[in-house]
Amino acid sequence: MSTARPRRIYAIAPFAALALTAWATLASPAHAAIEPFQGLQVEVIGSGRPVLMIPGLNSGAEVWRETCTALQPQVQCHLIQLPGFAGAPATASDDFLGAMRDRLLAYSADRRLDHPAVIGHSLGGVLALQMAIAAPRHIGPLVIVDALPYLGAAQNPAATPATLEPMAEQVRAGMLAMDATQYAAQTDAAVANMAHAPAHVATLKQWGRDSDRGATASAVYSMTMTDLRQPIAGIRVPVLVLGAWAAYQPFGATEASTRQVFEAQYAALPDVRIEMSRAGYHFLMWDDPRWLQAQIRDFLDLPVAH
């Protein structure tokens with residue numbers, strides 16, 4: 001069976017919500033000890049308000065370090081490394097998103113975190129939504145960075161997991177069937193327009209290659225089969241959504257048209273605020289850091305540090 005179609009679909013996934021990320025050399029506090037928990041690796045920094053920081057597909061927890069630093073000393077960051085991504089050991093799961101949601105909730109309960117805020121990027125944003133849906137009495141406010149409740153409907157609002165399942169199966173099979181050279185070329189192409197700085201793009205490519213292919217394919221399939229557009233109606237905490245659009249301008253996107261997609265997908269969410277970055281690409285924590293940090297600080301009502 002030809003794999004040309006799934007490779008093309010994967011390479012142009014809309015809104016880059018399936019992020020392939022990388023190590024960034026950023027000013028940061030000293031690294032704390034990494035705590036393993038059910039396949040997760042967690043680094044805890046600070047002693048203020050608990051905030052879980054979840055990266056996206058193939059991303060390293062390091063992507064959130066600069067944001068964590070900027071929010072000190074008011075927050076206690078829990079930098080989450082998901083298994084299988086960015087060189088972390090993979091763990092088997094039939095439903096990647098469901099398994100990660102349950103492990104994150106179990107971690108929060110085990111550490112007795114009091115209504116932690118959850119900040120998630122891309123796939124991590126979907127996980128944040130799932131956590132608040134599953135445990136509405138235990139999760140605090142959410143910050144969703146460039147993620148949609150259902151990525152599969154970004155271009156076609158009528159799309160559902162049922163209609164996209166054949167494509168999702170084909171994409172997953174194609175990813176697993178590629179030889180190493182093909183796969184590296186596709187992961188490289190997928191991140192080409194996800195960040196401004198060439199150095200960030202270069203490291204994104206490396207992190208994509210370092211991620212476990214089986215975990216990546218499982219996560220991509222899980223994202224396609226997870227539609228939260230209606231379930232988000234059950235979320236009872238405030239939600240801040242930070243969107244990006246500038247990378248898609250060459251394809252005809254505008255800030256207004258991209259905002260419309262976000263507003264339509266989050267229409268069922270009772271308490272949501274949507275803000276759009278003017279120039280940042282998918283990795284807003286790198287491309288528009290001062291704006292993102294100010295948005296988070298204002299939303300979580302954190303005083304400005306002096």
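**Sheet architecture and helix packing**

Strand E2 (residues 40–45) and strand E4 (residues 75–81) run antiparallel and are joined by five bridges. Within this pair, Ile 45 of E2 is placed opposite Cys 77 in E4. The model described here is predicted.

Both strands belong to an open sheet of eight strands with mixed pairing, arranged in the order E1-E2-E4-E3-E5-E6-E7-E8. The edges are occupied by strand E1 (34–37) and strand E8 (272–276); each has a single partner strand, so one side of each lacks a neighbour in the sheet. From one strand to the next, the twist averages 20 degrees.

Two of the helices lie across strands of this sheet. Helix H9 (residues 255–265) lies across strand E7 (239–243) and the edge strand E8, and runs at about 155 degrees to E8. Helix H11 (residues 289–299) lies across strand E5 (117–121), strand E6 (142–145), E7 and E8, with a direction at about 170 degrees to E7. Strands E7 and E8 are thus crossed by H9 and also by H11.

A contact between helices is formed by helix H3 (residues 96–110) and helix H4 (residues 123–134), whose axes come within 9 Å and cross at roughly 60 degrees. The crossing of H3 past H4 is right-handed. On the H3 side, the contact is made by Phe 96, Leu 97, Met 100, Arg 101, Leu 104 and Leu 105, and on the H4 side by Leu 123, Val 126, Leu 127, Gln 130, Met 131 and Ala 134. Of the residues in this contact, 10 are nonpolar, one is polar and one is charged.

Note on methods:
Residues numbered from 1 in each chain as written. Predicted model: local features only at pLDDT ≥ 70, side-chain atom pairs only at ≥ 80, totals over all residues. Heavy atoms only, no water. Axes fitted to C-alpha atoms, helices over the stretch in contact; angles between N-to-C directions. Helix = DSSP H or I, 4+ residues; strand = E, 2+ residues; numbered from the N terminus. Left-handed = near helix turned anticlockwise from the far one by under 90°. Contact = heavy atoms within 4.5 Å. Nonpolar A, V, L, I, M, F, W, Y, C, P; charged D, E, K, R; others polar. Pairing = 2+ DSSP bridges.
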